[in-house]
Amino acid sequence: ALRPTDPATLALRASILLRAGRADEALVALEPVRATEYWQMQPTLWLFAGQVELALLRFEESRASLERYAESEPGLALVWQLLQNVYLALELDGLAYRAKHNLAANLYMVGLDAERSGDVERARDALQRALDVAPDYEAAKEALARLSGG
């Protein structure tokens with residue numbers, strides 16, 4: 001109430017509204033934020049906007065927001081999962097396949113990173129998730145076998 005036009009406050013409000021299942025209101029709360037410098041400096045807002053737009057079945061808008069985020073942060077598995085859903089809804093099978101591949105590759109890299117840090121349980125989980133996405137991912141199969149002692 002003290003800062004009704006503050007972009008960070010509006011973004012937080014939008015996040016709360018989306019979590020409450022009120023995506024249409026979240027979109028309204030997010031709209032004034034898009035015209036601010038804060039929007040340009042916070043790529044996580046692009047990801048969030050893509051999630052809001054996807055919840056509203058605004059696939060083209062979601063695609064634009066999520067692709068913008070993926071350009072700035074390609075290492076987040078979630079963005080590829082969301083993009084795969086958007087591409088499938090838009091019947092862009094080639095792009096959906098690429099997003100699926102990128103998702104599996106990201107999960108594979110998370111698994112390798114967890115293995116390097118000694119977190120074998122997290123590594124196995126990430127590698128299994130990579131295989132759930134792409135069952136024929138040979139590198140993930142090999143890494144999981146190595147961690148399982150086989």
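**Exercise 1. The overall picture**

What percentage of the 150 residues of the protein count as buried? While you are there, describe the fold in outline.

*Solution.* Keep in mind that this is a predicted model. Start with burial: 39% of the 150 residues count as buried. Next, go through the secondary structure, which comes to nine helices and zero strands. Reading along the sequence, you get the pattern α-α-α-α-α-α-α-α-α. For the dimensions, take the box along the principal axes: the C-alpha atoms fill roughly 60 × 35 × 25 Å. Finally, look at the contacts between residues at least 6 apart in sequence; 42% of these join residues at least 24 apart.

**Exercise 2. Two helices crossing**

Work out how α1 and α4 cross, and list the residues that meet there.

*Solution.* First find the two helices: α1 covers residues 7-19 and α4 covers residues 43-55. Their axes come within 11 Å and cross at roughly 35°. The crossing of α1 past α4 is left-handed. Now for the side that each helix brings along. From α1 come Ala11, Ala14, Ser15 and Leu18, and from α4 come Leu45, Phe48, Gln51, Val52 and Ala55. Sort this contact by class and you find seven nonpolar residues, two polar ones and no charged ones.

**Exercise 3. A serine and its surroundings**

Is Ser65 buried or exposed, and which residues does Ser65 touch beyond four places away in sequence?

*Solution.* Place the residue first: Ser65 lies in helix α5, residues 59-72. Its relative accessible area is 9%, so with the cut-off for buried at under 20%, Ser65 is buried. Leaving out residues up to four places away in sequence, Ser65 touches Arg34, Trp46, Ala49, Gly50 and Glu53. One of these deserves a second look: the side chains of Ser65 and Glu53 are joined by a polar contact of 2.9 Å.

**Exercise 4. Sorting out salt bridges**

How many salt bridges does the structure hold? Go through some of the pairs and check how accessible the partners are.

*Solution.* The structure holds nine salt bridges. As background, side chains of opposite charge can pair when their charged atoms come close.

- Take Arg22 and Glu25: their closest N and O atoms are 2.7 Å apart. Arg22 is partly exposed at 37% relative accessibility, and Glu25 is partly exposed too, at 31%.
- Move on to Asp113 and Arg116, whose side chains meet in a salt bridge at 3.9 Å, N to O. Both lie in helix α7 (residues 93-116), three residues apart, or about one turn of the helix. Asp113 has a relative accessible area of 41%, so it counts as partly exposed. Arg116 reaches 61% and therefore counts as exposed, since the cut-off for exposed is over 50%.
- Now try Glu115 and Arg146, with the closest N and O atoms 2.7 Å apart. This pair links distant parts of the chain: Glu115 is in helix α7 and Arg146 in helix α9 (residues 138-147), 31 residues apart. Glu115 is partly exposed at 24%, as is Arg146 at 48%.
- Finish with the network: Glu31, Arg34 and Glu53 are joined into one by salt bridges that share partners. You've met Arg34 and Glu53 already, among the residues that Ser65 touches.

Definitions and conventions:
Residues numbered from 1 in each chain as written. Predicted model: local features only at pLDDT ≥ 70, side-chain atom pairs only at ≥ 80, totals over all residues. Heavy atoms only, no water. Axes fitted to C-alpha atoms, helices over the stretch in contact; angles between N-to-C directions. Helix = DSSP H or I, 4+ residues; strand = E, 2+ residues; numbered from the N terminus. Left-handed = near helix turned anticlockwise from the far one by under 90°. Contact = heavy atoms within 4.5 Å. Nonpolar A, V, L, I, M, F, W, Y, C, P; charged D, E, K, R; others polar. Buried < 20%, exposed > 50% of the residue type's maximum accessible area, 1.4 Å probe, protein only. Polar contact = N/O pair within 3.5 Å; in protein donor to acceptor, adjacent residues only side chain to side chain. Salt bridge = Lys/Arg side-chain N within 4 Å of Asp/Glu carboxyl O.
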